[in-house]
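Please examine the sequence and the coordinates shown below before reading on. The discussion concerns empty space and helix packing.

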Amino acid sequence: MTLPAPSHTPENDPVTKQAGGNKKTGNNHSGGKSAAKRRKYGPRTLVTAASAWMLAVIFIAPYLEMIITALRPADELRDRTYLPTSFEWNNLTDVWKESTLGDNLQVTLLIAGGATLLVLLVSLPAAYYTARVRYRGRKAFLLLVLVTQMFQPTALLIGLYREFHQLDMLNSTWTLILANGAFNLAFAIWILTAYISSIPAELEEAAMVDGTGRFGALFRVTLPLAMPGVVTALIFTFISTWNEFVMGLTLMTEPEKQPLTVGINNFIGNYTVEWNYLFAASVVAIIPVVVLFAFIERHVVSGLTAGSVK
């Protein structure tokens, strides 16, 4: 007795079932994407974005006011209108002709560059030795480095003035290079020690097994990996030196040898303030720092988080 063959219908076909299942799965996947897009712009996201834009406007507003005042005509400085009737672009050129701003900018570049180089040459070996060698007094040294960050130049200003006066180093660029380098050295050692400690020492050992010496392993292996930390220390040293005011005002008395921050302050007189020139000089002062920070911002962020995760 022969049994009848089962009827072949599209519903019973395994291929059809699989296709139907895939089709249903595809519909669910499309629906999930649509739901994800709807959730992407939910109330919480909109509130966060609005808050971020509001904070950005609050922080940017003083800089916009500075730029607008720098381009405002002298006879409209006391007007209550936010925007002037015309922009006086000559303010940006006149401030160079009628002051020592060019000399002040050159002095500041020399001081900031020299102090940054000095900090790099001293802090990198100190941080490398502290990170790799567990010597006696290591914790006390790191604590001392941290404590020195609490001292401000203002508290030591009289002692600094007397010391440099006895050494006949007043009105010298080297004076501010040494002083700013000393005050920024502690931060550089601290952050470089944390970053080098996060780099496995086995990488250097493997390089030395291949024939590279200690200094070769440092410059060929550790230093390239520690570059974000190095950049962070350098940019903070540069910005701190660039914005320093008190030591420059006290230790440099000749106008053409004063740093840029002190040169800008000279636009504030005893009875009048040249606001247009004051803000024009301020615009000139912040441009180099903003450009520098924009180029290396990603290295600064990675360097600040160095050593936070092991």
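How do the residues of the lining of the largest cavity divide into nonpolar, polar and charged? The model under discussion is predicted, and in it the lining of that cavity comprises three nonpolar residues, three polar residues and one charged residue. The residues concerned are Thr108, Ile111, Leu176, Asn180, Thr241, Glu244 and Pro259. The volume enclosed is about 40 Å³, and a search of the whole structure returns one cavity of 30 Å³ or more. Such searches rest on a simple principle: rolling a probe the size of a water molecule over the atoms reveals where empty space is left.

Two helices, α4 and α7, each contribute at least two residues to the lining of the largest cavity, and their mutual arrangement may be considered next. Two packed helices are described by the angle between their axes and by the distance between the axes. For α4 (residues 101–132) and α7, the axes come within 6 Å and cross at roughly 35°. The crossing of α4 past α7 is right-handed. In the contact of α4 with α7, 19 residues are nonpolar, nine are polar and one is charged.

Helix α7 itself merits a closer look. It covers residues 173–197, and because each residue should add 1.5 Å, its 25 residues should span 36 Å; the end C-alpha atoms lie 35 Å apart, in agreement with that expectation. Helix α7 also has a kink of about 40°, centred on asparagine 184.

Attention now turns from the cavity to the largest pocket. This pocket holds about 300 Å³ of space. Its lining receives two or more residues from each of α2 (43–70), α10 (227–242), α12 (260–265) and α13 (275–304). The greatest contribution comes from α13, which supplies five residues. In total, 13 residues line the largest pocket, and those nearest its centre are Tyr63, Met66, Ala285, Ile286 and Val290. Classified by type, the lining of the largest pocket contains eleven nonpolar and two polar residues, with no charged residue. The lining of the largest cavity, by contrast, includes one charged residue.

Notes. Residues are numbered from 1 along each chain as its sequence is written. This is a predicted model: local features need pLDDT of at least 70, side-chain atom pairs count only at pLDDT 80 or more; totals for chains, interfaces and linings use all residues. Side-chain values use heavy atoms; hydrogens and water are left out. On a 1 Å grid over the protein atoms alone, a cavity is a set of points where a 1.4 Å probe fits but cannot get out, and a pocket is an open set with protein on both sides within 12 Å along at least five of seven lines; lining residues have an atom within 4 Å of a point. Grid points are joined across faces, edges and corners, and a volume is the space filled by probe spheres set on the points. Helices (H or I, at least four residues) and strands (E, at least two) are DSSP runs, numbered from the N terminus. Ala, Val, Leu, Ile, Met, Phe, Trp, Tyr, Cys and Pro count as nonpolar, Asp, Glu, Lys and Arg as charged, and the others, Gly among them, as polar. The expected span of a helix is 1.5 Å times one less than its number of residues. The bend at a residue is the angle between axes fitted to the seven residues ending there and the seven starting there. Axes are lines fitted to C-alpha atoms, for helices over the stretch in contact, and angles run from 0 to 180 degrees between N-to-C directions. A crossing is left-handed if the near helix is turned anticlockwise from the far one by less than a right angle, and right-handed if clockwise.
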